[in-house]
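Me: I have a model open and would like to know how its labels are earned. Could you take my questions one at a time?

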Amino acid sequence: MKRNALNVLVCPVCKSSLLLTADEHEGPEVITGRLHCARCDSAYPIVRGVPRFVATGSYATSFGRQWNWFRTVQLDSKNGTDASERALRAVTGWQDSDYAGALVLDAGVGAGRFAECAARKGAEVFGIDLSAATDAAYINIGRLENVHLAQADIWAMPFREGTFDLAYSIGVLHHTPDPRVAFDKVAAAVKTGGSLAVYLYDRHGPDHVFTDFWRRITTRLPHALMAVVTLLAIPLYFLYRLPILGKLLHFVLPISMEPDWRWRWLDTFDWYTPKYQWKFLYPEVFRWFRENSFRDVEIFDGPIRMSGVKTCHPEVLAAARRA
Ligand SMILES: [Zn+2]
């Protein structure tokens with residue numbers, strides 16, 4: 001981590017400033033050390049360059065495995081595509097100029113595919129993840145001067161409310177125990193006039209019925225075994241491309257149909273292993289935006305991709321309610 005991250009990072013318990021003790025440096029990076037809160041006496045270790053506000057990956061351990069195994073697959077700078085760039089734009093609708101000089105929160109940073117894009121556009125990016133994915137992200141993008149990473153829980157983020165100009169959470173909130181609460185937490189971190197964008201799984205149509213059934217089994221299997229099982233998606237892809245049989249197979253036992261075999265393997269693993277996988281309809285998520293005082297809510301192609309602009313600080317809103 002970099003010292004200037006302390007301009008933004010605070011104690012997740014009491015939201016006070018933190019004191020840094022550095023034991024090991026590499027240039028501007030503190031590799032080992034600790035953060036201490038003088039107010040509530042909480043201490044947080046810095047391990048392998050990342051401050052750790054949680055001790056374990058909790059319910060998100062599958063993502064820790066996933067992003068360390070498939071660390072570079074989805075990174076534009078590593079795979080030579082602009083897939084992450086396009087995916088980020090498809091969720092947010094934000095232009096390059098929106099990022100320049102902006103303070104940005106990536107809630108559920110994974111291996112850092114979207115944070116890399118935001119950083120390239122000139123934003124100061126803070127990426128958090130509950131899991132050990134932060135280790136993968138640190139290797140990928142942690143040394144960039146405008147990227148800051150932390151292993152932290154969306155429920156208790158090391159930020160004050162109203163901190164960020166832009167916040168996005170792409171494919172993350174539906175993997176938390178209560179996505180509505182998670183949404184409210186991320187929304188609270190956005191400042192008035194700032195924007196929030198999310199991507200969530202949708203439950204339009206019957207497609208999820210069979211996967212929900214299979215996931216009752218697959219979420220209980222060891223991750224190493226699931227890594228082997230989902231390997232089958234690589235050759236099955238060719239069978240699934242057949243006209244009628246393929247459609248039937250995809251309905252009964254969906255796999256990723258990404259042309260890149262590593263991406264296909266990763267996506268299939270990503271579908272069947274996470275402990276939580278909630279699905280939503282547009283009106284529900286629209287209400288979440290509204291109830292967090294977001295307006296100008298936009299709906300983008302491909303459910304569920306939405307963004308909105310925050311119109312009023314939560315404290316102002318609370319005072320208005322009391323009046
Ligand atoms: Zn504290």
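Me: Why is cysteine 40 called partly exposed?

Reply: Happy to help, and please keep in mind that this is a predicted model. Cysteine 40 has a relative accessible area of 29%. Buried would need a value under 20%, and exposed one over 50%. Since 29% falls in between, cysteine 40 counts as partly exposed.

Me: What makes the arrangement around the zinc ion tetrahedral?

Reply: Start with the donors: the SG atoms of Cys11, Cys14, Cys37 and Cys40 coordinate the zinc ion at 2.2 to 2.3 Å. The angles that the 4 donor atoms subtend run from 95 to 118 degrees. For four donors, the label asks that all angles lie between 85 and 135 degrees. The angles here satisfy that, so the arrangement is tetrahedral.

Me: How do you know that those SG atoms count as donors?

Reply: An S atom counts as a donor to zinc if it is within 2.8 Å of the metal. The four SG atoms are at 2.2 to 2.3 Å, so they qualify.

Me: How are the donor residues spaced, and which parts of the chain do cysteine 14 and cysteine 40 come from?

Reply: Along the sequence, the spacing reads C-x2-C-x22-C-x2-C. Cysteine 14 is in the segment before β1 and cysteine 40 is in the loop between β2 and β3, so this pair, 26 residues apart, links distant parts of the chain.

Me: How do you know that strand β2 is largely enclosed?

Reply: Strand β2 covers residues 29-36, and 6 of its 8 residues are buried. Buried here means under 20% relative accessible area. With that count, β2 is largely enclosed by the rest of the structure.

Me: What makes β1 and β2 paired strands?

Reply: Pairing requires at least two bridges. Strand β1 (residues 19-26) is joined to β2 by 7 bridges, and the two run antiparallel. As an example, histidine 25 has valine 30 of β2 as its bridge partner. The two strands form a hairpin with 2 residues between them, and glycine 27 in the turn has a positive phi of about 60 degrees.

Me: How many bridges does β2 have to β3, and what lies between these strands?

Reply: There are 4 bridges between β2 and strand β3 (residues 43-47), again antiparallel. Glycine 33 stands opposite isoleucine 46 in β3. This hairpin has 6 residues between its strands, with aspartate 41 in the turn at a positive phi of about 65 degrees.

Me: How do you know that β3 and β4 pair?

Reply: They have 2 bridges in the antiparallel sense. The rule asks for at least two, so β3 and β4 meet it. Valine 47 stands opposite valine 50 in β4, while isoleucine 46 stands opposite proline 51.

Me: Why are β1 and β4 called edge strands?

Reply: The strands form an open sheet in the order β1-β2-β3-β4, with antiparallel pairing. β1 and β4 each pair on one side only, so they are the edge strands.

Me: Which residues of β3 are on its covered face?

Reply: Tyr44 and Ile46 make up the covered face, whereas Ala43, Pro45 and Val47 are on the uncovered one. In a regular strand, side chains alternate between the two faces of the sheet.

Me: What is the order of strands in the sheet of 7?

Reply: That open sheet runs β7-β6-β5-β8-β9-β11-β10, with mixed pairing. Its edge strands are β7 (147-151) and β10 (294-299), each pairing on one side only. From one strand to the next, the twist averages 15 degrees. Within the sheet, β5 (residues 103-107) and β6 (residues 124-129) pair in the parallel sense over 5 bridges, with valine 104 matched to valine 125.

Me: Last one: what makes the protein as compact as a globular protein of its length?

Reply: The protein has 14 helices and 11 strands. Its radius of gyration is 20 Å, and the globule rule gives 20 Å for 323 residues. The two values are close, so the protein is as compact as a globular protein of that length. Of the 323 residues, 52% count as buried.

Terms used:
Residues numbered from 1 in each chain as written. Predicted model: local features only at pLDDT ≥ 70, side-chain atom pairs only at ≥ 80, totals over all residues. Heavy atoms only, no water. Buried < 20%, exposed > 50% of the residue type's maximum accessible area, 1.4 Å probe, protein only. Axes fitted to C-alpha atoms, helices over the stretch in contact; angles between N-to-C directions. Donors = N, O, S within 2.8 Å, 3.2 Å for Na, K, Ca; no water. Tetrahedral: all angles 85-135°; square planar, octahedral: opposite > 155°, others 65-115°. Rg over C-alpha atoms; globule rule 2.2 N^0.38 Å.
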